[in-house]
Amino acid sequence: MARLLRGAPVAAAITELLRERAERLGARGVTPTLAIVRVGERDDDLAYERAAEKRCAAVGVAVRRLLLPETCAQDELEAVLAKVSEDDDVHGCLLFRPLPAHLDEARAARALAPEKDVDAITDSSLLGTLTGQPRGFAPCTAEAVLALLDHYEVPLDGADVVVIGRSLVIGRPVAALLLARNATVTTCHTHTLDLASVCRAADVIVAAAGAPDTVGAACVCPGQVIVDVGTTWDDADGRLRGDVAFDEVEPIVSALTPVPGGVGSVTTAILVSHVIEAAERKCE
């Protein structure tokens, strides 16, 4: 039976440290503040928004919700982001993605000040993450993967890690963060030949394909650690599913994250940590 790498203890440990940092900012008259910009009413966005608000409240971070209809115009969205950029009382901004198809995410990102980009949607933040330069912030989910592995003392230096997924939201950034920790990283995707054999050679697998059951029994072997980043709502089953076929994989591997209950709670804790750090940087 595999060890379950649950996110709640990791998030709790991070949250406790964040509360102390928020209190120190409060003593200086600063309330760290997150602006949440949401377009439309996607169920997954609403769930993450509720989780983020709860985590912020636990720490002492204020939240401003800026909501736009799904039919909003590009200029309207950019105007909201520009206003957030100019507001000295806002330290970080979370823009929910993906945006509706008629909106240009790249254009929207350019309307946000890089110093307030706490989830790496701007070119500056992404460049810092991919090149290992100390600028901006890494994507929250990518950083959460490493925070979870560190909490459970999974060695990364010299480890063979397979990342399934190459998006700029998770796949490529988490690969860059793992490389910075001296892991040997193989990035797989939909064109990878014989994915199963590549995965079986890994010490750690990070599944971020966004497709349920991408990683099944044929992809794993004893001793491996599996981090499942996938979150797909299954209307037929009425439940959230990860990229890993849990029932197939759990009897074989050494450790893995559940879905739900794994990376998600750590992601919100990392988001709040970025807001607090942005506030600290501004004070400095």
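Me: Ala, Val, Leu, Ile, Met, Phe, Trp, Tyr, Cys and Pro count as nonpolar, Asp, Glu, Lys and Arg as charged, and the others, Gly among them, as polar. How do the residues lining the largest pocket divide?

Reply: This is a predicted model, where local features need pLDDT of at least 70 and side-chain atom pairs pLDDT 80 or more, while totals for chains, interfaces and linings use all residues. Residues are numbered from 1 along each chain, and side-chain values use heavy atoms, without hydrogens or water. The lining of the largest pocket splits into 20 nonpolar, 12 polar and 12 charged residues.

Me: Which of its lining residues lie nearest the centre?

Reply: Lining means an atom within 4 Å of a pocket point (1 Å grid, 1.4 Å probe, an open set with protein on both sides within 12 Å along at least five of seven lines). Here D44, Y48, T141, V229 and T231 lie nearest the centre, out of 44 lining residues. Helix α2 (a DSSP run of H or I, at least four residues; strands are E, at least two) gives the largest share, eight residues.

Me: And α1: where do its buried residues sit around the axis?

Reply: An α-helix has 3.6 residues a turn, so residues three or four places apart point the same way. Buried (under 20% relative accessible area, 1.4 Å probe, protein chains only; exposed is over 50%) are G7, V10, A11, I14, T15, L18, A22 and L25 in α1. They cover an arc (directions from axis to C-beta atoms) of only 120°, which puts them on the same side of α1. L17, E23, R24 and A27 are exposed on the face turned away.
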